[in-house]
Amino acid sequence: MTISSFLRRSLLQSGIAAGTALAIAPDVIAEPKAPAWTLGYTTPPAKGLGPSTMRLVSGKAPAGLEGALYRNGPAQFRYGDAYASHWFDGDGMVQRIAFADGKALHTGRFVGTTKRKAEQAAQKFLAPGFSTAGDPSYAVGSADDVNAANTSVAMSGGEMLALWEAGSAIRLDPVTLETRGPKIWRKDLAAMPFLAHPKREPDGRLWNLAVASLSTGGSMIGIYRIGAGGELEDFGMVDIGAPAYIHDWSMTERKLIILVQPWINTGARPGIGGFEWRPQEGLKTLIVDKDDLKKQRWAQADARAFYHTGAGWEESDGTIRLDVCFTRQPAFGVGGGAAEIRGEYKPGGEGPGAMLTQMVIPPKGDVRLIETKLDGEFPQVDPRFHGLPRRLTALVGGGAPGHPGATTLRLQDWKSGKSQAYDYGVDYMVEEHLFIPKPGGASERDSWLIGTAINLAAGKSEVSVFDAADIEEGPLATWQADYSWPLGFHGTWT
Ligand SMILES: [Fe+2]
């Protein structure tokens, strides 16, 4: 299949592009109750938040912590009495927390997508999405007309990119967060999907997938190879055999690892509602040689569903190990947090959480799964060891009976088999934590872990820095904003 026919299929077979209204319409509900946890799903002012200096509320800023944490997540949850029907459909808002001289400065800005501009002008939801009905009057010419740019961020070629999964990366000014427009890697790749989980080799080269299964029901995916300077080096295509839902993937130093979960687009309905769980097909893994995309092998495992992987590495005999947060079947994503957006919470409402698991893929034969019994999501690794042998994975898990979201930072050591945890407590909703290598440090423990959380007792967002050498000591420093911003998905550090 050529690139142009791949793109054409993306549009022509897409219920999204055809402007098809989904079965689920935005619900119209009276004023919600407003317990503190609903701050995680409260729409911020359209002009954004900050720049505003955050207050150091505990500890001392570690010497040498200079840079900026960027995070992205859905933030437009309602217009008037109409609520977004799926968390993944809210317009993206990028948060930037810049650290210098022991101070932390927060700025939050919505990403100025085509979708957002139209909906802000109309003050109502117009574009179709994962589970949101499109207004028939809303014209959809390409995937970027429905792009919410709400899932992650990545730095490439001096530009900050706001990422979604079914449309272009959106370029932002890295300081002001002003939107510059879609990233076009090559003329014939305009509006080509760019997954929200690019993977960066330690030398700066970036790899990513173009997955259109959400809209096309096709099984061809694109592979981007992007140089450290931000230039597209190559774009190839591989067939993953089925239109599985792919949100994340993995790689080693020499291989791309694409997990094909048996959650398959049947085309019965547009968006996530058209996917069917087929556990009898198991979890298939495609391993592709980075130097020659035609060199491929498959491995088979018991059925698992997942959103996120940590990273992989390869041993001398060719055995591949990677960490994944697995569930037994699709859990979150089906309901999509729609109840929480309306201010309703039922414990366990979207099924059991994910469990950190190591996949062991031998050179021949079936995959072995080593389950840690650590619940959690948003696995992160030290960027200096991405694709290389390593021992640490950070994730957030736990939870409180009275509200959604994680409460605990976890750190798994694969070599010792031991894990550490820091429990923020029931008054927190905790987000992804990233590894930041300490200046001059060499090992994974020579890192800080940095992450945001909403302090429900204070009603404010915070950012905390831990020493990866011992997270059980608690944060080295915590800064608090004068306000809160909604829970997000993923971030990056520059
Ligand atoms: Fe993700």
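Start by selecting the loop between strand 9 (170-172) and strand 10 (179-182), where Leu177 is found. In this predicted model, Leu177 has a positive phi of about 70° although it is not a glycine. The residue is also buried, with a relative accessible area of 2%, which lies below the limit of 20% under which a residue counts as buried.

From Leu177, move to Thr107, because the two are in contact and the second residue is likewise buried, with a relative accessible area of 4%. Thr107 is found in strand 6, and, once its neighbours within four places in sequence are set aside, its contacts are Leu49, Pro51, Val94, Gln95, Arg96 and Leu177.

One of those contacts, Pro51, deserves a selection of its own together with the residue before it. The peptide bond from Gly50 to Pro51 is cis, with omega near 10°, and Pro51 lies in strand 1 (residues 49-59).

Next, go to the loop between strand 5 (92-100) and strand 6, and select Asp101 there. Is this residue buried or exposed? At 69% relative accessibility, Asp101 counts as exposed; its phi, near 50°, is a positive value in a residue other than glycine.

Now show helix 2 (residues 114-122) and colour its buried residues, which are Lys115, Arg116 and Glu119. Viewed down the axis of helix 2, these buried residues fall within an arc of 90°, so they line one face of the helix. The cover over them includes strand 3 (78-79) and strand 6 (103-110), the latter being the strand in which Thr107 is found. Turn to the face directed away from the buried side, and the exposed residues Lys117 and Ala121 come into view. Helix 2 is followed by Gln123, whose phi is positive, near 55°.

The next stop is an open sheet of 4 strands, in the order 25-26-27-28 and with antiparallel pairing. Its edge strands are strand 25 (377-380) and strand 28 (419-423), each of which pairs on one side only. Averaged over the sheet and with direction ignored, neighbouring strands are turned by 20° against each other.

To follow the pairing across the sheet, begin with strand 25 and strand 26, which are joined in the antiparallel sense over 2 bridges; select Glu377, whose bridge partner in strand 26 is Val396. Strand 26 and strand 27 then pair in the antiparallel sense over 6 bridges, and here Val396 stands opposite Leu409 in strand 27. Finally, 5 bridges join strand 27 (residues 408-413) to strand 28, again antiparallel, with Gln412 standing opposite Ser419 in strand 28.

Stay with strand 26 and look at how it is covered. How many of its 6 residues are buried? The count is 6 of 6, and the cover extends to both faces: Leu392, Ala394 and Val396 are buried on one side, and Thr393, Leu395 and Gly397 on the other. In a regular strand the side chains alternate between the two faces of the sheet.

Strand 26 also leads into the largest nonpolar core, which has 46 residues and in which Trp87, Tyr245 and Leu449 touch the most other members. The elements that give two or more residues to this core are strand 26 (392-397), strand 27, strand 29 (428-437) and strand 30 (447-455). Which of the elements gives the largest share? That share, 4 residues, comes from strand 29.

Within this core, centre the view on Tyr245 and display its surroundings. Not counting residues up to four places away in sequence, Tyr245 touches Phe88, Phe130, Glu165, Ser213, Leu214, Gln261, Trp263, Ile272, Phe275 and Tyr307. A second, separate core of 23 residues can then be shown alongside, and its members include Leu65, Ala75, Phe99 and Leu434.

End the tour by colouring the chain by confidence. The mean pLDDT of the protein chain is 91, and 92% of its residues reach 70 or more. Select residues 8-30, however, and pLDDT stays under 50 over that stretch, for which the model has 55 contacts beyond four places in sequence.

Note on methods:
Residues are numbered from 1 along each chain as its sequence is written. This is a predicted model: local features need pLDDT of at least 70, side-chain atom pairs count only at pLDDT 80 or more; totals for chains, interfaces and linings use all residues. Side-chain values use heavy atoms; hydrogens and water are left out. Two strands pair if DSSP finds at least two bridges between them. Axes are lines fitted to C-alpha atoms, for helices over the stretch in contact, and angles run from 0 to 180 degrees between N-to-C directions. Buried means under 20% relative accessible area, exposed over 50%, partly exposed in between (1.4 Å probe, protein chains only). The arc is that of the directions from the helix axis to the C-beta atoms. Contact means heavy atoms within 4.5 Å. A nonpolar core is a set of buried Ala, Val, Leu, Ile, Met, Phe, Trp, Tyr and Cys residues joined through side-chain atoms within 4.5 Å. pLDDT is the predictor's confidence in each residue, from 0 to 100.
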